[in-house]
Amino acid sequence: MNAVAVNPRKREVSLINHPAPDISAPTEVKFRTLEVGICGTDREICRFDYGNPPIGSDHLVLGHEGLGLVTEVGSDVHQIKPGDLVVPMVRRPCQHEHCLPCRSGRSDFCTTGDFVERGIKECHGFMTEYVVDHEQYLCVVPPDLRDVAVLMEPLTVAEKALIQIWQIQKRLHWECPVVEGKAPGHCRQAVVLGAGPIGILGAMALKVAGFQTTVYSRSKPPNLKSELVESFGARYISSETTQPEVLAQMLGNIDVVYEGVGGAKVAFDVLKVLGLNGIFVFTGIPGFPLPHIMIDGELIMRNMVLKNQVALGTVNAGRDAFEASIHDLGIFMQRWPEAVRSLITGRHKLGNAKELLLGKATGIKNVLEVG
Ligand SMILES: NC(=O)c1ccc[n+]([C@@H]2O[C@H](COP(=O)([O-])OP(=O)(O)OC[C@H]3O[C@@H](n4cnc5c(N)ncnc54)[C@H](OP(=O)(O)O)[C@@H]3O)[C@@H](O)[C@H]2O)c1
Ligand SMILES: [Zn+2]
Ligand SMILES: [Zn+2]
């Protein structure tokens, strides 16, 4: 089978011949990979910043944003059948008895760091023709989402954030008044930092949750991303032309910031203008080398205390976020089908993966068509 893999020891990224997997346990499912999304994580693995092959292997098959078509199921698989579309979850639990999150099915909160991640850490990924995985790590996707289901995994970042945002919001029991036709966030302002796939999918999820949503990102409008953002009813403001303080004056109390930039400077500049009782969600992962930057620590701490603010980071996702992602992607497609489709700016053959992974990042979301 063809597969795209990295060999960290030789510092090589290449198309390799990889053995086809077979079902070896009754709870396993075999699927043919249809598409795999490429993201910054794959590019970082190809720069050898991180990414580890499975124990005993010198290479790691890449790819964690998968979509597959089930071809075969084990005798103890009950919810999935051949012909189903599936999106695999990424992380698998550590083996430590004392890791309560992993023992409770929430390896996304693993406390030991000994989890494995498909296509990232010690477990082969989905940039290959066939994959076998246990039923419990696969999510069935409705066939009408086939075109865009490869966006499901990156959307889980926003869904896990939103689940936590609602949990934190429960401390404010005077929620938005119930208005027919409006979702629960309708009296709240959300700011999304960054207009990459993480930011745009986050903005869509916040819109569906009812938030008045503004995307605050670098490039001056009009551009591909600003037009896409405005096409689904969010506002786009450039950080090149509008300072965070002015942004806050324009919007009023900023209730939620969903950061999808990956750089601390703009994130902390916006944290300074987070509103009363506000929640700031960090999702960006600054890349190596990590420069030192100046932040207004005293002011930020003062604000966080006097304004009852919460800041949290979020990584990976559990089944609840995958289920929410399937649900919300369906709503996105009902409301803004063109905007969702236009997030996928390129579909490429597996043989072109190396150029995409090593070359300059282009477009919004590039996808490999595998089979
Ligand atoms: N937590 C998780 O589980 C998770 C999962 C996946 C990814 N991530 C992280 O999420 C972050 C975003 O991912 P992505 O794929 O969406 O990245 P991306 O495609 O690189 O998009 C980043 C966006 O941020 C904007 N930006 C960059 N620097 C900025 C600045 N100083 N001020 C304002 N805007 C700025 C960029 O503007 P331009 O359009 O002008 O370039 C771009 O729109 C990355 O750090 C990634 O590692 C986290
Ligand atoms: Zn990714
Ligand atoms: Zn664990």
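In the predicted model, phenylalanine 268 is partly exposed, with a relative accessible area of 22%, and phenylalanine 282 counts as partly exposed at 22% relative accessibility. Both values lie above the 20% under which a residue is classed as buried. Phenylalanine 268 and phenylalanine 282 form a tilted aromatic pair, with 5.6 Å from centre to centre and 40° between the planes. Phenylalanine 268 belongs to helix α7 (residues 264-271) and phenylalanine 282 to strand β16 (residues 279-282), so the pair ties together parts that are 14 residues apart in sequence.

The structure holds 6 aromatic pairs. In one of them, the ring centres of phenylalanine 232 and tryptophan 336 are 5.3 Å apart and the planes stand at 45°, so this pair is tilted. Distant parts of the chain are linked by this contact: phenylalanine 232 is located in the loop between α5 (224-231) and β14 (235-238), and tryptophan 336 in the loop between α9 and α10 (337-343), 104 residues apart. Phenylalanine 232 is buried, with a relative accessible area of 2%, and tryptophan 336 also counts as buried, at 12% relative accessibility. Ring pairs join Phe232 and Trp336 with Phe332 in a cluster.

Aromatic rings also receive charged side chains on their faces. Lysine 30 is placed over the face of tyrosine 130, 5.2 Å from the ring centre. Arginine 92 is placed over the face of tyrosine 137, at 4.1 Å from the ring centre.

The zinc ion (ligand 3) is bound through sulfur atoms, its protein donors being the SG atoms of Cys94, Cys99, Cys102 and Cys110, which lie 2.3 Å from the ion. The spacing of these donor residues in sequence is C-x4-C-x2-C-x7-C. Angles of 106 to 114° are subtended by the 4 donor atoms around the zinc ion (ligand 3), and the arrangement is therefore tetrahedral. Among the donor residues, cysteine 94 is buried with a relative accessible area of 0%, and cysteine 102 is buried with a value of 6%.

Electrostatic contacts comprise 21 salt bridges. Arginine 106 forms one with aspartate 320, the closest N and O atoms being 3.2 Å apart. Because arginine 106 lies in the loop between α2 (100-103) and β8 (116-118) and aspartate 320 in helix α9 (residues 319-335), this salt bridge ties together parts that are 214 residues apart in sequence. Arginine 106 is partly exposed, with a relative accessible area of 24%, and aspartate 320 is partly exposed at 32%.

A further salt bridge is formed by aspartate 255 and arginine 188, whose closest N and O atoms are 3.6 Å apart. Aspartate 255 occupies the loop between α6 (244-251) and β15 (256-259), and arginine 188 the loop between α3 (152-169) and β12 (189-193), so the pair connects parts that are 67 residues apart in sequence. Both aspartate 255 and arginine 188 are buried.

Within helix α9, the side chains of arginine 319 and glutamate 323 meet in a salt bridge at 3.2 Å, N to O. Arginine 319 and glutamate 323 are 4 residues apart in this helix and are therefore separated by about one helical turn. Arginine 319 is partly exposed, with a relative accessible area of 30%, as is glutamate 323, with 39%. Salt bridges that share partners connect Arg106, Asp108, Lys160 and Asp320 in one network.

Definitions and conventions. Residues are numbered from 1 along each chain as its sequence is written. Chains are lettered from A and ligands numbered from 1 in the order in which they are written. This is a predicted model: local features need pLDDT of at least 70, side-chain atom pairs count only at pLDDT 80 or more; totals for chains, interfaces and linings use all residues. Side-chain values use heavy atoms; hydrogens and water are left out. A salt bridge is a side-chain nitrogen of Lys or Arg within 4 Å of a carboxyl oxygen of Asp or Glu. Helices (H or I, at least four residues) and strands (E, at least two) are DSSP runs, numbered from the N terminus. Buried means under 20% relative accessible area, exposed over 50%, partly exposed in between (1.4 Å probe, protein chains only). Donors are N, O and S atoms within 2.8 Å of the metal (3.2 Å for Na, K and Ca); water is not among the atoms, so sites may look incomplete. Four donors count as tetrahedral if all angles lie between 85 and 135 degrees; four count as square planar and six as octahedral if opposite donors are over 155 degrees apart and all others between 65 and 115; anything else is irregular. Rings of Phe, Tyr and Trp (its six-membered ring) pair if their centres lie within 6.5 Å; planes under 30 degrees apart count as stacked, over 60 as edge-to-face and the rest as tilted. A charge sits over a ring if NZ of Lys or CZ of Arg is within 6 Å of the ring centre and within 35 degrees of the ring normal.
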